[in-house]
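Hi there,

Here is the structure I promised to pass on to you. Please open it alongside this message, and my notes follow right below.

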Amino acid sequence: MKKILDIITGIGYGHSIREFAILNNLKEYDISVAGYANSYEYFEKKFKTLQLLGPKFPERKFKFSLIMVIF
């Protein structure tokens, strides 16, 4: 069986959602995904997933904070 390792970067879900649409059509392959932060959380229950160390963004959940805007 052919194998695919897809490494997904980015802090939002845009890359992850587009990659899922592609990977979901490649069912004849053994697919593994490597990612960090949101991409890891998005794929961990969908494919075999490896967690990478990546940049830590304090606003990862994209919450609005008036204090951070003022700061």
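Serine 16 counts as buried, because its relative accessibility is 1% and the cut-off for that label is under 20%. Please keep in mind that this is a predicted model. Serine 16 belongs to helix H1, which covers residues 14-23. Leaving aside residues up to four places away in sequence, serine 16 is in contact with Ile8, Ser39, Tyr42 and Phe43.

Helix H1 itself lies across strands S1 and S2, and runs at about 165° to S1. Together, S1, H1 and S2 form a β-α-β unit, and that unit is right-handed.

Now to the strands. S1 (residues 3-8) and S2 (residues 30-35) run parallel and are joined by 6 bridges. If you want a spot to look at in this pairing, isoleucine 7 stands opposite alanine 34 of S2. On to the next pair: S2 and S3 also run parallel, with 4 bridges joining them. Here glycine 35 has glutamine 51, in S3, as its bridge partner.

How are the strands ordered in the sheet? The order is S1-S2-S3, in an open sheet of 3 strands with parallel pairing. S1 and S3 (48-51) stand at the edges; each has a single partner strand, so one side of each has no neighbour in the sheet. On average, neighbouring strands of this sheet are turned by 20° against each other, direction ignored.

One more residue is worth a look in your viewer. Isoleucine 31 lies in strand S2. Is isoleucine 31 buried or exposed? At 6% relative accessibility, isoleucine 31 counts as buried, since the label applies under 20%. Its contacts, again without residues up to four places away in sequence, are Ile4, Leu23, Leu26, Phe47 and Lys48. Isoleucine 31 and leucine 5 are 26 residues apart along the chain, and 6.1 Å separates their C-alpha atoms.

If you would like a route through the model, you could begin at serine 16 in helix H1, go on to the bridges between S1 and S2, and finish at isoleucine 31 in S2.

Happy to go through any of this with you whenever it suits.

Best wishes

Notes
Residues are numbered from 1 along each chain as its sequence is written. This is a predicted model: local features need pLDDT of at least 70, side-chain atom pairs count only at pLDDT 80 or more; totals for chains, interfaces and linings use all residues. Side-chain values use heavy atoms; hydrogens and water are left out. Helices (H or I, at least four residues) and strands (E, at least two) are DSSP runs, numbered from the N terminus. Buried means under 20% relative accessible area, exposed over 50%, partly exposed in between (1.4 Å probe, protein chains only). Contact means heavy atoms within 4.5 Å. Two strands pair if DSSP finds at least two bridges between them. A crossover is right-handed if, with the strands pointing away from the viewer, the path from the first strand over the helix to the second runs clockwise. Axes are lines fitted to C-alpha atoms, for helices over the stretch in contact, and angles run from 0 to 180 degrees between N-to-C directions.
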